[in-house]
Amino acid sequence: MFGYGGRILTVDVTSGDQRVEEFDAGFARAYLGGNGFAAKLCYDRIPPGIDAFDPRNLVVFGTGPITDSVIPGNNRNCVAGKSPLNDLFFDSTFGGRFAGTQRHTGFDAIVITGAAAEPVYVLVDEQGARLQPARDLWGKPTLQTARAILDREGWESDVVSIGPAGERRARIAALAHYWKNREAFGARGGLAAVLGSKNVKAVVVRGGQKAQFARPDDLKALVNETREALKKGTYNLHVYGTPNLVKGINAIGGLGFFNNRLEHSPDAEQVGGERYKLEFHKKDTTCNKCPVACGKTFEVKAGEYAGTVWKMPEYETIYAFGPMLGNLDPASLIKAEELCDQLGLDTISMGVTIAFVLECLERGFLTEREVGVPVGWGNHQAVHRLVEMTARRDGEEYVLNGTKMFITNGSIADLVFIAARTDSTAKGSRGISIFAVEKDTPGFKASRALEKMGWHSSNTAELVLEDVRVPHENLIGEENQGFYYIMSNFQNERLAIMGQALGEAQRALELTVDHVKNRSAFGGPLWNKQTIRQRLALRQAEIDAGRQLTYHAAWLTEQGEDAVREVSEVKALVGEMVNRVLYDCVQFHGGMGFIAETAVERLYRDVRIASIGGGATEVMLDEVAKRL
Ligand SMILES: Cc1cc2nc3c(=O)[nH]c(=O)nc-3n(C[C@H](O)[C@H](O)[C@H](O)COP(=O)(O)OP(=O)(O)OC[C@H]3O[C@@H](n4cnc5c(N)ncnc54)[C@H](O)[C@@H]3O)c2cc1C
Ligand code: SF4
């Protein structure tokens with residue numbers, strides 16, 4: 001089929017499964033263009049009523065029938081899905097070269113669904129998709145991410161990535177694409193936050209399947225006919241880029257100042273196209289195969305932002321970070337562009353949100369303390385700080401409520417780590433996050449130290465949290481990933497408890513051998529009784545076997561193997577076995593074993609937790625059974 005690759009690729013990042021579907025000309029005509037495909041796929045496949053961060057939401061990258069042709073402006077991608085901003089279908093477009101390279105994979109639409117357990121990037125080539133680990137890229141700014149991936153996958157690939165804002169699910173997060181001749185951002189609608197919720201740091205395309213057109217020579221001739229008109233009609237765009245619009249829009253009273261309180265200012269041209277061209281222009285940039293070259297790289301040569309070399313702020317960015325914030329410093333707008341792009345934030349939504357905040361401050365609806373920094377109209381330095389805070393979600397608080405029994409060292413710890421549900425819509429273990437809570441945080445208390453039958457050397461408490469407010473920076477790792485962190489630590493915890501239990505059993509056995517060799521009854525040392533001697537020998541053999549099994553499971557874990565079955569086996573087997581050992585040790589101590597001053601009496605009580613704490617035997621056996 002001319003104009004199309006003819007295939008749709010769906011990748012489920014939860015499982016890594018993928019599906020390739022072919023479509024026919026009827027489908028292509030009915031749902032024309034990248035956003036036509038995206039709208040149809042979203043409509044058919046996103047279940048009604050789900051949250052935008054539900055793994056079942058989609059992010060669709062779509063191209064259209066002119067992608068990679070000679071038609072100017074053809075290298076624009078559509079990215080679409082259910083938006084976390086308004087819970088509706090949202091599509092955003094971006095230029096550069098990604099669309100053409102996606103076409104070379106032969107997939108007109110790439111559909112991403114599910115949620116990966118660990119950060120990944122999705123690499124798509126003509127064969128399909130592969131999930132590549134991206135933990136090392138998580139937290140990195142967008143440009144650094146793109147370069148790192150291109151170094152790995154080859155510079156003929158194209159990358160679109162999210163920044164820290166998308167990772168933290170800022171609802172105004174943007175996707176960034178850098179190609180050597182043009183940067184581009186799929187910024188609207190917070191779709192980068194949806195990718196972040198899927199743990200997808202980037203989507204990478206690479207391919208060699210050139211697009212085929214029905215009558216390429218005729219198409220070229222047709223485009224040539226319009227070339228002069230295009231050149232003339234886009235002259236100002238070519239020379240100044242979209243900042244050229246500032247002058248005209250201000251003249252008709254359409255430029256908003258001070259959160260749209262004013263519509264016009266005689267000073268607006270301080271941030272207009274002509275000034276930028278004169279003072280900041282470094283070079284023209286363009287999307288692949290577009291003669292308009294409306295993109296520019298700007299360079300700040302003097303003042304506090306000197307040294308900034310970055311993409312030109314588009315008209316909308318100038319509006320949102322400039323007049324809307326009472327700021328006519330052109331260099332500060334280039335800096336704002338860089339900050340938003342690197343952090344992966346939509347410049348328009350970010351700027352107008354701050355404008356609203358500034359008006360709220362002015363009217364007393366918000367205080368500086370609530371905002372987090374002293375800020376006001378024209379204070380671009382503070383505005384930049386707010387951009388960073390938004391991307392990293394500084395100043396946001398979580399409010400924790402609940403109780404937790406049986407916390408080791410709970411009432412003496414200065415710092416506790418709380419696992420709390422942060423996404424009530426997520427199923428089972430998915431919506432849990434971990435927070436560091438300091439003991440003096442208001443609302444937090446260790447309500448009582450619990451009296452226990454054993455383990456008296458350790459403190460065990462019940463914790464109570466009532467409206468405990470913790471800042472975002474106290475979140476450990478990523479939001480909603482807490483259960484996976486706990487799971488990975490469970491293996492260590494279980495092995496450590498078993499190491500402790502084996503040590504206790506070994507000590508008890510040695511004490512018992514010593515005792516029965518010295519204790520004479522019925523005509524000689526108890527050791528002479530075969531039944532006692534042999535039972536202790538059997539228990540020693542069991543301890544030795546349990547120790548080797550523990551070493552083996554620890555070794556597997558150390559090698560990075562999935563050793564859940566082996567660790568669970570150890571926890572179940574050793575946890576029960578040490579109790580049998582201690583039973584016999586107390587038994588062969590006779591009455592002395594029941595007296596509180598003997599060591600075996602204490603070890604008998606201490607070892608009882610081995611088959612309960614860190615996962616009871618029955619629960620462990622179910623883990624083993626699941627893997628049989
Ligand atoms: C001294 C001590 C210190 C602790 N320290 C900590 C700590 O620091 N942090 C922390 O988070 N927790 C801690 N715990 C909690 C500990 O991990 C749990 O007590 C343990 O995992 C058992 O859970 P539970 O008490 O909820 O038992 P329950 O879930 O109430 O189970 C009771 C019993 O029912 C049986 N059972 C349970 N589920 C199943 C099943 N699926 N199939 C068959 N049988 C089943 C088992 O025999 C189990 O022992 C501590 C506990 C103690 C006693
Ligand atoms: S260079 Fe400008 S006009 Fe050309 S496709 Fe890119 S954004 Fe559009």
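In which order do the three strands of the open sheet lie? The order is β16-β20-β19, and the pairing is antiparallel. The model shown in these views is predicted.

**View 1. An open sheet of three strands, β16-β20-β19.** The edge strands are β16 (397-408) and β19 (444-449). Each of them pairs on one side only. From one strand to the next, the twist averages 5°.

**View 2. Strands β19 and β20 are joined by five bridges.** Strand β20 covers residues 460-471. β19 and β20 run antiparallel. Look for A449: its bridge partner in β20 is A461.

**View 3. Ligand 1 is surrounded by 15 residues.** The closest are F406, T408, T460, A616 and E618. Two elements, β16 and α20 (617-626), give two or more residues to this shell. By class, the shell has seven nonpolar, five polar and three charged residues. Why does ligand 1 lie between domain 3 and domain 4? Domain 3 (397-476) and domain 4 (482-626) both give residues to the shell, so ligand 1 lies between them.

**View 4. The shell around ligand 2 draws on domain 1 and domain 2.** Domain 1 spans 7-205 and domain 2 spans 234-392. Each gives at least three residues to the shell. Around the ligand are G73, R76, G95, T286 and C287. C290, V292, A293, C294 and G295 are there too. Five of the shell residues are nonpolar, four are polar and one is charged.

**View 5. The largest nonpolar core has 106 residues.** Which residues have the most contacts inside this core? They are V122 and L345. Helix α12 (residues 330-343) gives the most to the core, with seven residues. Both domain 1 (7-205) and domain 2 (234-392) give residues to the core, so it lies between them.

**View 6. M350 sits in helix α13.** This helix runs over residues 347-363. Is M350 buried or exposed? A residue is buried if 20 or more other C-beta atoms lie within 10 Å of its own. M350 has 28 C-beta neighbours inside 10 Å, so it counts as buried. Now find M312. In sequence, M350 and M312 are 38 residues apart. In space, they are 17 Å apart, C-alpha to C-alpha.

Conventions:
Residues are numbered from 1 along each chain as its sequence is written. Chains are lettered from A and ligands numbered from 1 in the order in which they are written. This is a predicted model: local features need pLDDT of at least 70, side-chain atom pairs count only at pLDDT 80 or more; totals for chains, interfaces and linings use all residues. Two strands pair if DSSP finds at least two bridges between them. Helices (H or I, at least four residues) and strands (E, at least two) are DSSP runs, numbered from the N terminus. Axes are lines fitted to C-alpha atoms, for helices over the stretch in contact, and angles run from 0 to 180 degrees between N-to-C directions. A residue is near a molecule or strand if its C-beta atom, placed from the backbone, lies within 6 Å of it. Ala, Val, Leu, Ile, Met, Phe, Trp, Tyr, Cys and Pro count as nonpolar, Asp, Glu, Lys and Arg as charged, and the others, Gly among them, as polar. Domain bounds come from an automatic or database domain assignment. A nonpolar core is a set of buried Ala, Val, Leu, Ile, Met, Phe, Trp, Tyr and Cys residues joined through C-beta atoms within 7 Å. A residue is buried if 20 or more other C-beta atoms lie within 10 Å of its own, exposed if 12 or fewer, and partly exposed in between; C-beta atoms are placed from the backbone.
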